[in-house]
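Let's take a friendly walk through this model, starting with its nonpolar interior and ending with a pair of packed helices.

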Amino acid sequence: MKVGETFKVKVLRENPATKSTKSYQEFSVPYEAGMTVLSALLHAKEYSDHSIAIRYSCRMAACGSCGMMINGLPRLACYTQVSELPESTITVAPLEHYPVLRDLVTNSENFFDKHKSVLPYLHRKDQTEQETSASEFAQSSKELEDFLQFSYCIKCGLCNAACPTMASDPAFVGPQALGQAYRYVADSRDEGAIHRLKVVDTPHGVWRCHFAGSCSFVCPKGVDPALAIQRLRRLTVTKSSTKKAGARLMPALLTK
Ligand code: SF4
Ligand code: FES
């Protein structure tokens, strides 16, 4: 596409508050070098229709707030170049598997509740030591590698939007929260695994995943939630693996 050439952006408009019928509205946008889908939407909002609802903040794939369906796939609008999309018309819609607040803005409350349910923070048995530790808790490179990629999650929710299991079971804990459960279970500084495994070792937890792998496919930060789910499964059933992966973390499991 050449600079100045116009292209079409189709936006799915919906306002549940007014119970209006949802429908696509088309906008013409002039292409600029390096234009992202978010820039195209902001152009349409500024010059064609101020009422388009979009959520964004950092514009650099860091805050996780601009997730939406772009040509059928969950992506970050600020991280998706118009030039990388093969289709001549860009079609945008709210993220799947989330309630719509208006247009492209979805409600993430349930998503963050699930995230919170896996205790996404370091948990030490000795709270005093955790809060007033007199020394560093050293980790080897290997111990860091065990959880590092999972710590890159920006909570954009694209993985949950891509997950076919989320479509059939809204109570499913979901790839994002399961990925974060593993991120802390795999951290050698943590002692809260027993609590997290109670949340994930349930019919709506790790056992619900069909291993489609779409969560890992769409993640913009290279996190692999599908791998995390497989590792959590192993930890919940294999005492020997549990021992290797963190005996100090799960004394109750080891004595079962
Ligand atoms: S795992 Fe990836 S896709 Fe899922 S919320 Fe985190 S950054 Fe987004
Ligand atoms: S605006 Fe922050 S991730 Fe896109």
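The paragraphs below cover the basics first, then the cores, then the helix pair.

This is a predicted model, in which local features need pLDDT of at least 70 and side-chain atom pairs count only at pLDDT 80 or more, while totals for chains, interfaces and linings use all residues. Residues are numbered from 1 along each chain as its sequence is written, chains are lettered from A and ligands numbered from 1 in the order written, and side-chain values use heavy atoms, leaving out hydrogens and water.

Start with the largest nonpolar core, which has 39 residues. Such a core is a set of buried Ala, Val, Leu, Ile, Met, Phe, Trp, Tyr and Cys residues joined through side-chain atoms within 4.5 Å, where buried means under 20% relative accessible area with a 1.4 Å probe, protein chains only. F7, L41 and V92 have the most contacts inside this core. At least two core residues come from each of β1, β2, α1, β3, β5 and α5, and α1 gives the most, with six. A second, separate core of 25 residues includes F172, C209, A228 and L232.

Now find helices α7 (residues 175-185) and α8 (residues 193-200), DSSP runs (H or I) of at least four residues, numbered from the N terminus. They pack at an angle of about 160 degrees, with axes 10 Å apart. That makes α7 roughly antiparallel to α8 (an angle over 145 degrees). In contact (heavy atoms within 4.5 Å) are L178, A181, Y184 and V185 of α7 with A193, R196 and V200 of α8.

Note on methods
Axes fitted to C-alpha atoms, helices over the stretch in contact; angles between N-to-C directions. Parallel < 35°, antiparallel > 145°, perpendicular 65-115°, else oblique. Buried < 20%, exposed > 50% of the residue type's maximum accessible area, 1.4 Å probe, protein only.
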